[in-house]
Amino acid sequence: MIATGQTLKAVEEVKGRSLWVDARRRLLRNRAAMAGMIILALITLLALLAPFFLPFAYDEINYDIIACAPNWWPAETVCRAPGHIFGTDGVGRDLFVRVLFGARVSLAVGLVATLVSLLIGVLYGATAGYLGGRIDGLMMRIVDVLYSLPFVFFVIILMVIFDRNFILLFVAIGAVEWLTMARIVRGQTLSIKQKEFIEAARAGGVGTPGIITRHIIPNVVGPVMVYVTLTVPGLILTESFLSFLGLGIQEPLTSWGVLISDGADQMETAPWMLLFPALFMAVTLFSFNFIGDGLRDALDPKDR
Amino acid sequence: MSALLEITDFNVHFALADGDVHAVKNASLTIQEGECLGVVGESGSGKSQLFLAAFGLLAANGRATGSVKYRGEEILGASPERLNTLRGSGVTMIFQDPLTSLTPHLKVGAQITEALMLHRKISRAEAQVRARDMLDYVRIPESARRLRQYPHELSGGMRQRVMIAMATITGPDLIIADEPTTALDVTVQAQILEILRALKNEKQTAIAMVSHDMGVIAGLADRVQVMRHGEIVESGNADEIFYAPKHDYTRLLLAAIPKADETPPPATAIGAPLLAVEELKVSFPVKDKGLFGKTRQLRAVDGISFSLHQGETLGVVGESGCGKSTLARAVLQLLPKSQGRVVWLGRDLDAHADIRKLREEFQIVFQDPLASLDPRMPIGLSIAEPLKALEPHLPRETVRGRARAIMQRVGLDPAWINRYPHELSGGQNQRVGLARAMIVGPKMLVCDEAVSALDVSIQAQIVELIRDLQKETGLALIFISHDLSVVRRLSHRVMVLYLGRVVELAPSAMLYTNPRHPYTRALLSAVLSPDPRAERAKKRELLTGDLPSPLDPRAQLTFLKSRLGEPDYRPKLEQVATGHWVAEHD
């Protein structure tokens, strides 16, 4: 009798874990993903705190030090700007503070638009794929119609109707970006819903919303994560393209995309103007890729 | 005279992330010319790896040591060129899954002639002729047309025959058959074994037959080796192994095979039926090729009626494509029916507004234990899911307690709730499937080929568990299988299906001792017994060829040729004894 009591107690101690709890534990053990997260957190923190610890404002123009290299720059240059650790840009603004301000816009666009597209795209695609038949046909035709709208034209219309503003940028990008996500998720769902465990869940009395959220979505996470890590860099570039057309961020505000395209023009005379924003962007994108890979592996219980 | 194949002190190691796995331990065996060696063992016993490694087909992380001699020549560690010549001309292989071992985009003819032209250096035209002869030899009808077909156009049995044709056409001395019939229906299995036997007797080809099923080996093998955990635990003549096994494990394997003469339990059915199915029909629209192809109705279930009482087990038997799984799904309202009635506890299921509420009363266990569990859900959550879905008001603690209790009941350690399906074996996963079905306390359980994917020894355990559960709870069971011998252990009554219709329905004792319908007799004769002498002597009533297409309206009259003039005629069921119904036949 004592023995039985003990086993029962031992049994009581094993607490049930869900996939998400397991995934978090595995993610925390993944060094590359953790490094990526720490770097991203640092960049975000720097971007948010920039105005409080830097002696220069992002729009402070100084015509005495136009396109000057930082003091430590190894190569021969026309002029040096002491105190500006990344040098200055074409109108003598501090490049370091501008890179950090650019991070605000680029990260916000990349993250928010991705999250929006993830949320809408995954739910929409999984629902269309799972319900199938006419509903699927209708939902995917809507996607096709939206796909066929010219993106730039769509953004210009939005700007004309609602006036130019920062939020619209998210709306415009998000509205286009979720379409591809929905298609990917729908395709995956179509193959998953044939699996026997979906039928088993139906036989067990699980309703449609339960099947979609508990069985289908966790099983499409792999391809979705890969796609997301490709989306974030794409979005950052899209933003710079819009800004270049004058539809996105306006001077004196800036973003990485704008800084890089400005820097590319001055590449021969002032390489630091390209180097630093590009470096920040590259490191950020690497971090996103590592986090994406880590998430994909963490959410796959077969990978231990 | 030296042996055809001599393997001595053979070891296979796999380097995995968690350390080395010693898959084959000091195995030694010999195969003489024209002899059949049976190698038996459960999944994971290393029996397949033994032969793959011996002929240089080891995975990259594997390492093989020891000696493998083919006609006295050492081939372990031989050059890839030498091994390529050997494989395909001297030694060929037949694998378990005939679909995945044929290239999907190459026509059958091209695949058969490929090896021939490579190894025998003959012209394409000559190779084509040889290929056709070979298809005739493995009894594929209309061989000339088959050569121009793609693998997916052939049935599973047909594809396995193509595999045998490919393996034999170069005239090898040794064929390694790795579970060649495991994925096939019993009747097709009997046909394939017949062909292998002919190969051995007529062409004097040596065969290494690898299987988990002692019954498959019984009729074919001259000698048998039993493997367990990578070691050969017993070897000897077929008669010695089957009639006087020395090792405990061999005895265990033999005991696990359902005996053909096992007495079925007496029927206990009384009172009003729990479930009554009346003239149930399910059909699927099938569209012909082309833009304006006609849509025809494939009648998967074509008018089936039966009833089921509390505590009773109805065995449903038939080959793949006979509609047994469709029947189960239609009864459980997982598929829409096209006609007929399903009455549950005296009430038509159509009259229920929300079928989900009734799911607590009837549950299902699926065939493939791994595929029927969500790979990303820990088994504890999978088991608890129906309970959470059907009784959302239950407090968490109660759900957890009931999940633990049912896990213990089906023989799973409740501490495993956080494991994922891929971490468990097939038998354990099937226990999870059973626990998930039983947690809501159903009145009826449908087992859809619930043990077909498992090793014979595990099958026996699961069948035992199901029988115990039935005794405890008075559960009504619908037990579906393609194998009459598995069904026999459990069933009070057995229903034999052929192309969506009942051909025979009778209490088990009557059906097994006095089968009336020719199809039932063919199924029974295809059942293998672990008795080499009887197997060798047995005259089988084999069905020839494949099941006819269910789209063909005359297919129903296969056993009633006298009515072929009336294609819409359906054979009627006639009562030949109390409770024994047989469809009309010639």
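**Interface and strand pairing in chain B**

In this predicted model, the contact between the chains draws 32 residues from chain B and 24 residues from chain A. On the side of chain B that touches chain A, two or more residues each are given by β16 (362–365), α12 (379–390) and α13 (396–409) of chain B. The largest share of this side, six residues, is supplied by α12(B). By residue class, the side of chain B that touches chain A comprises 17 nonpolar, five polar and 10 charged residues.

Chain B also contains an open sheet of four strands, arranged in the order β2-β1-β4-β5 with antiparallel pairing. Its edge strands, each paired on one side only, are β2 (19–31) and β5 (73–74) of chain B. Within this sheet, strand β1 (residues 5–16) of chain B is joined to strand β4 (residues 62–70) of chain B by eight bridges in the antiparallel sense. One residue pair illustrates the register: B:E6 has B:K69 of β4(B) as its bridge partner.

A further set of pairings involves strand β14 (residues 339–344) of chain B, which runs antiparallel to strand β11 (residues 275–287) of chain B and is connected to β11 by five bridges. Here B:V343 in β14(B) is the bridge partner of B:A276. Strand β14(B) also pairs with strand β15 (residues 347–348) of chain B, again in the antiparallel sense, over two bridges. In this second pairing B:V343 stands opposite B:D348 of β15(B). The hairpin formed by β14(B) and β15(B) has two residues between the strands, and B:L345 in this hairpin adopts a positive phi near 50°.

Technical notes. Residues numbered from 1 in each chain as written. Chains lettered and ligands numbered in written order. Predicted model: local features only at pLDDT ≥ 70, side-chain atom pairs only at ≥ 80, totals over all residues. Pairing = 2+ DSSP bridges. Contact = placed C-beta atoms within 7 Å. Nonpolar A, V, L, I, M, F, W, Y, C, P; charged D, E, K, R; others polar.
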